[in-house]
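Thanks for coming. I will go through one structure piece by piece, so please keep it open in front of you.

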Amino acid sequence: MHHLYRLFLMFFLLIVNLSLAFADTTDLSTQALEKEHLARYLMNQASYLIDSGKYFEALESYKTAAETTANDKTKIEALLSKATLLMSFLDAPEEALKVYQDLSKGETSTSEIAQYREGLLYFELKRYKEADATLRNYLKKYPSGRFRFQTEALAREVSKILKTGTEPVTPPSSDLKQAPQLRVRVCNTRGEALITGSSVCVHGQGCKPQWRLGISNGKLMINGVQSSADTVTFTGKNFLTIAEGNKKKQLRGELQAKIDKGKLLVINVLDIEDYLYSVVPSENPASWPLETLKAQAVAARTYAYYQLLHRKNWAYDLVDYAGDQAYGGMAKEHKRSSKAVDETRGMVLTYDNKPILAMFSANSGGYTADSKAVFDLQKPYLIARSDPASLHGSMASWTKKYPRVKIVAALSQRGINANGLESIQSVEKGPSGRIIKIRIVKKDGSTMVLRNRPTLRRALDLPEILFDIRKNEDIFVFEGHGWGHGVGYSQWGSAHMGKTKNFNEILAFYYNKAKIDKLW
């Protein structure tokens, strides 16, 4: 069933991309063109954020793009992308259905796309009666529609299931008696990379102390010779070292190299527990309390496992930098953090019998953020609550000052015209006090309201959105608290709590209603 669903989805995305890739801007005013530029910037940014595992941030970018643009086609594209993100990566099918249902109203081409996608999503959710009604309604409403043949095929499949009561056979879930293997992207370049070790072996090519990888005419080159295989696997007796430019890492597991989208892609395949030996001390100093390191180990394991489940059709599960989680390789490993990993082996945070998206940031600033307020998606385990422990950590408080001209220039680089900037005002705050939306006021009296995180905060690289704004002549002063998005686990808060609380208590505090299950 899932294979059939993916085929329908791939065809749908191809049609939508061809239909909406180029928004019609011929009749837009200057102000509308500025908004369109910003919306396009945000949508491109969302694609990058998804690639880096930052699904909530991508969701916010799509939402902001839809709110910003004056072009209906761009708004539709942003909303359709938002719905796909909600279903595919955020386990939020009901929210995705709402998007499709809102778009399906009326008689436009958008209505047709949305209704087809609604039926497809009901099918994926195994809600076959609703799928049947939606697909039949599509065929009645659009007898010659673009998705007629796909809808007819899907409708026949649904009808068969409803008549026989027998669903298509789905592959059994993987056996989790053993820790799963992760695929970590450690190189993605148009240049070269060097793999070295005491004895690095390639099947059929023997063992050598080093192998140089590159690209020529779109093909994988190994030591100057074109590879006959699409993917080449490197193994070593102890560990492998990969060097690219100024970056160099010693890694456990094996390395797989191939050409992907015109770039040299190298994946580190290793046991999730071995991966955590590097991640935990890369994310936290190994000198922190052992209970803090245990809490970080469970959160990091949960995050990695969540990504593994949601990226099965990708070439990799995680990237090796803070876009997902910091992964510094064996050089970062420490016996204290490895002890924390070992003592929590296989422990994963779950809610409703599914791994949670274990969001964490450096410092909550004294109050964790509500995911609904900040990113417009409610998760029962990511709520706002007072977090006094974080006030003991780094970046609990900070002050940033920017001259007017620098703010105008920074916003301009993101397609926001703030010429004549007079003031920046808070328009909407979340329950934690974070400024969700701001108002830009110009000297001519014109204003614009924007979501804070993807615009002003990102333009100025502010540590957080938990701040107050004041103006001193031509200088804007931001006095804030915290570092990151503030949603979920606070690393500095956990560092303080770990002195008196165990890791279970720390995780229960930051991930409301989530429980710890030992999965392997």
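In which sense do strand β6 and strand β9 pair, and over how many bridges? Before the answer, one caution: this is a predicted model. Now the answer. Strand β6 covers residues 231–236, strand β9 covers residues 254–260, and the two pair in the antiparallel sense over four bridges. If you want one pair to look at, take Phe 234, whose bridge partner in β9 is Leu 255. As background, strands of a sheet pair through backbone hydrogen bonds, either parallel or antiparallel.

Stay with β9. Strand β10, residues 263–271, pairs with β9 over seven bridges, again in the antiparallel sense. Here the pair to find is Gln 256, which stands opposite Ile 267 in β10. β9 and β10 form a hairpin with two residues between the strands. In that hairpin, Lys 261 takes a positive phi near 55 degrees.

Next, another sheet. This one is open and has three strands, in the order β13-β12-β24, with antiparallel pairing. Which strands stand at the edges? They are β13, residues 354–355, and β24, residues 515–518. Each has a single partner strand, so one side of each is left without a neighbour in the sheet. Strand β12, residues 347–351, pairs with β24 over four bridges. One of the residues to check there is Met 347, which has Lys 518 in β24 as its bridge partner.

Now to a residue in a strand. Ser 199 sits in strand β2, which runs over residues 193–202. Is Ser 199 buried or exposed? The cut-off for buried is under 20% relative accessible area. Ser 199 has 16%, so Ser 199 is buried. What does Ser 199 touch, once its neighbours within four places in sequence are left aside? The contacts are Cys 207, Lys 208, Thr 235, Gly 236 and Lys 237.

On to helices. Helix α7 takes in residues 128–141, which makes 14 residues. From its first C-alpha to its last, α7 reaches 20 Å, close to the 20 Å expected at 1.5 Å a residue. Which residues of α7 are buried? They are Tyr 128, Ala 131, Asp 132, Thr 134, Leu 135 and Tyr 138. These buried residues pack against two helices, α6 at 109–124 and α8 at 148–164.

After α8 comes a loop that leads to β1, at 181–189, and Pro 168 is found in that loop. Pro 168 has 21% relative accessibility and counts as partly exposed. Its C-alpha atom is separated by 9.1 Å from that of Glu 157, and the two residues are 11 residues apart along the chain.

Compare that with a residue inside a helix. Ala 65 belongs to helix α3. Its relative accessible area is 0%, so Ala 65 is buried. Leaving aside neighbours within four places in sequence, Ala 65 is in contact with Ala 39, Leu 42, Met 43 and Ala 78. Between Ala 65 and Lys 75 there are 7.0 Å in space, C-alpha to C-alpha, and the two are 10 residues apart in sequence.

Helix α3 also leads us to the empty spaces. How many cavities of 30 Å³ or more does a search of the whole structure find? The search finds one. The largest cavity has a volume of about 30 Å³. Its lining is made up of Gln 45, Glu 57, Glu 60, Ser 61, Arg 453, Pro 454 and Arg 458. Helix α3, at 55–68, and helix α14, at 453–460, each supply at least two residues of that lining. By type, the lining divides into one nonpolar, two polar and four charged residues.

The last item is a pocket. The second largest pocket holds about 820 Å³ of space. It is lined by 31 residues, and the closest to its centre are Lys 54, Ala 322, Phe 360, Ser 361 and Gly 484. Which elements each supply at least two residues of this lining? They are α2 at 30–51, β14 at 360–361, α14, and α15 at 491–497. The largest share comes from α14, with three residues. The lining divides into 14 nonpolar, nine polar and eight charged residues.

That is where I will stop.

Conventions:
Residues numbered from 1 in each chain as written. Predicted model: local features only at pLDDT ≥ 70, side-chain atom pairs only at ≥ 80, totals over all residues. Heavy atoms only, no water. Pairing = 2+ DSSP bridges. Buried < 20%, exposed > 50% of the residue type's maximum accessible area, 1.4 Å probe, protein only. Contact = heavy atoms within 4.5 Å. Expected span 1.5 Å × (residues − 1). 1 Å grid on protein atoms, 1.4 Å probe; cavity = no way out; pocket = protein on both sides within 12 Å on 5 of 7 lines; lining within 4 Å. Points joined across faces, edges and corners; volume = space filled by probe spheres on them. Nonpolar A, V, L, I, M, F, W, Y, C, P; charged D, E, K, R; others polar.
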